[in-house]
Amino acid sequence: MIDAQTQLYGVIGNPVRHSLSPVIHNGAFQRMGLNAAYLAFEVQNLGEAVRGIKGLGIRGVSVTIPFKTQIIPFLDRMDELAGKIQAVNTIRREEGRLIGYNTDWSGALGALEDKVNLTGKTVFLLGAGGAARAVAFGLKERGCRVFIASRSPKKAAALAEELGLVHRPLPLVGRPDADVLVNATSAGMSPSDGESPVAKEVLDKGMTVMDIVYKPLKTRLLREAEERGCRTIDGLEMLARQGAAQVEIWTGKKPEIKEIKEDLRRALDPHSAFRYQLSAVGNQGEKKTIDGSML
Ligand code: NAP
């Protein structure tokens with residue numbers, strides 16, 4: 001129930017109308033019994049948007065393309081890792097000050113560590129954009145040996161040099177000799193579903209392959225990795241965890257990742273007619289079901 005006590009949260013980006021963040025956060029808020037709502041704001045002028053966030057007392061904001069680095073000069077402070085990554089996907093308002101965090105790295109690491117113990121592992125990371133940067137920092141934090149490759153070799157080489165990682169050229173030739181391969185490029189993302197960032201032959205049986213692309217959920221890379229006998233992790237695992245970490249930063253409470261994943265699967269299911277149902281607890285503690293139209 002939205003009333004005069006409702007706390008407002010949202011996502012700023014452009015374009016943003018495709019965003020799944022409202023699915024993650026409104027579902028989590030309702031299940032946690034919080035009087036809070038989350039909206040998507042398509043922003044033209046970042047400075048004006050920040051004034052709006054401050055002026056209206058918006059509690060927390062997700063930041064997406066193209067503002068993850070552009071937002072930095074508008075913040076009062078960044079937490080340590082967001083400062084190192086130099087990208088912010090989460091803002092928390094604390095006594096009128098805007099503090100920046102990054103949950104992409106912890107979302108990606110959480111998804112990987114759910115399936116693999118990363119200690120002493122060699123990871124092949126594909127991509128040198130914003131998400132790859134966050135994942136690379138996370139892997140370095142865990143002490144992994146990281147090879148990095150991207151279709152723009154200069155970008156991957158620069159990131160490798162900055163972080164002390166090893167740069168490899170694309171296309172990959174022969175066996176990558178890695179325990180884990182992570183795709184953090186947009187290759188394979190709808191409408192280019194037919195693409196894969198690597199040839200099937202480089203995928204070794206026993207390797208863990210994570211694709212952070214989530215539209216479609218089963219990318220060509222993941223299909224081929226399954227065919228080669230690899231363990232696979234889809235993009236929804238990171239998406240749910242980076243969102244759950246945002247809820248925790250804003251509210252101090254951990255939402256159930258399993259339920260966030262269920263909401264996301266329904267939202268991403270092309271056969272669901274974009275309808276979803278959320279079990280929620282009302283202000284008076286009563287259980288209710290909300291049925292809404294999606295996307
Ligand atoms: P970005 O900053 O634009 O970077 C995109 C990267 O992908 C660049 O390295 C780019 O190379 C590379 N690339 C694009 N198309 C390619 C292709 N066809 N073949 C090989 N490389 C290609 O974007 P981003 O924010 O890092 O996002 C990357 C992907 O991750 C997107 O699909 C996004 O939806 C997904 N993502 C998922 C999550 C999650 O929670 N699951 C979170 C964040 C992002 P160039 O530099 O040469 O263009």
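**Exercise 1. Is Cys144 buried or exposed, and how many disulfides does a search of the whole structure find?**

Before starting, keep in mind that this is a predicted model.

*Step 1.* Check the accessibility. Cys144 has a relative accessible area of 9%, and the cut-off for buried is under 20%, so Cys144 is buried.

*Step 2.* Do the other cysteine. Cys230 also comes out as buried, at 9% relative accessibility.

*Step 3.* Recall what we're hunting for: a disulfide is a covalent bond between the sulfur atoms of two cysteines. To count, the two sulfurs must be within 2.5 Å.

*Step 4.* Look at the distance. From the sulfur of Cys144, the closest cysteine sulfur is that of Cys230, 18 Å away, which is too far for a bond. Cys230 is accordingly in no disulfide. The search of the whole structure ends with 0 disulfides.

**Exercise 2. Work out which residues of helix α7 are buried, and how they sit around the axis.**

*Step 1.* List them. Helix α7 covers residues 220–227, and its buried residues are Leu221, Leu222, Glu224 and Ala225.

*Step 2.* Look down the axis. The buried residues of α7 fall within an arc of 165 degrees, so they line one face of the helix.

*Step 3.* Ask what lies against them. The cover includes β10 (180–183), β11 (208–211) and β12 (231–233).

*Step 4.* Step off the end. Just after α7 you hit Gly229, with a positive phi of about 85 degrees.

**Exercise 3. Describe the ring pairs that Tyr9 makes with Phe29 and Trp250.**

*Step 1.* Pick your two numbers. A pair of aromatic rings is described by the distance of the centres and the angle of the planes.

*Step 2.* Take Tyr9 and Phe29: 5.0 Å centre to centre, with 45 degrees between the planes, a tilted pair. Tyr9 belongs to strand β1 (residues 7–13) and Phe29 to helix α1 (residues 21–31), 20 residues apart, so to speak of distant parts of the chain is fair.

*Step 3.* Now Tyr9 and Trp250. Their ring centres are 5.1 Å apart and the planes meet at 40 degrees, so this pair is tilted too. Here strand β1 is linked with helix α8 (residues 235–251), across 241 residues.

*Step 4.* Check burial. Tyr9 is buried at 5%, Phe29 at 0% and Trp250 at 8%.

*Step 5.* Put the rings together. Tyr9, Phe29, Tyr38 and Trp250 form one aromatic cluster, and the whole structure holds 4 aromatic pairs.

**Exercise 4. Which residue lies over the face of Phe147?**

*Solution.* Arg168 does, at 4.1 Å from the ring centre.

Notes. Residues numbered from 1 in each chain as written. Predicted model: local features only at pLDDT ≥ 70, side-chain atom pairs only at ≥ 80, totals over all residues. Heavy atoms only, no water. Buried < 20%, exposed > 50% of the residue type's maximum accessible area, 1.4 Å probe, protein only. Helix = DSSP H or I, 4+ residues; strand = E, 2+ residues; numbered from the N terminus. Arc of directions from axis to C-beta. Contact = heavy atoms within 4.5 Å. Phe/Tyr/Trp six-rings, centres within 6.5 Å; stacked < 30°, edge-to-face > 60°. Lys NZ or Arg CZ within 6 Å of the ring centre and 35° of its normal.
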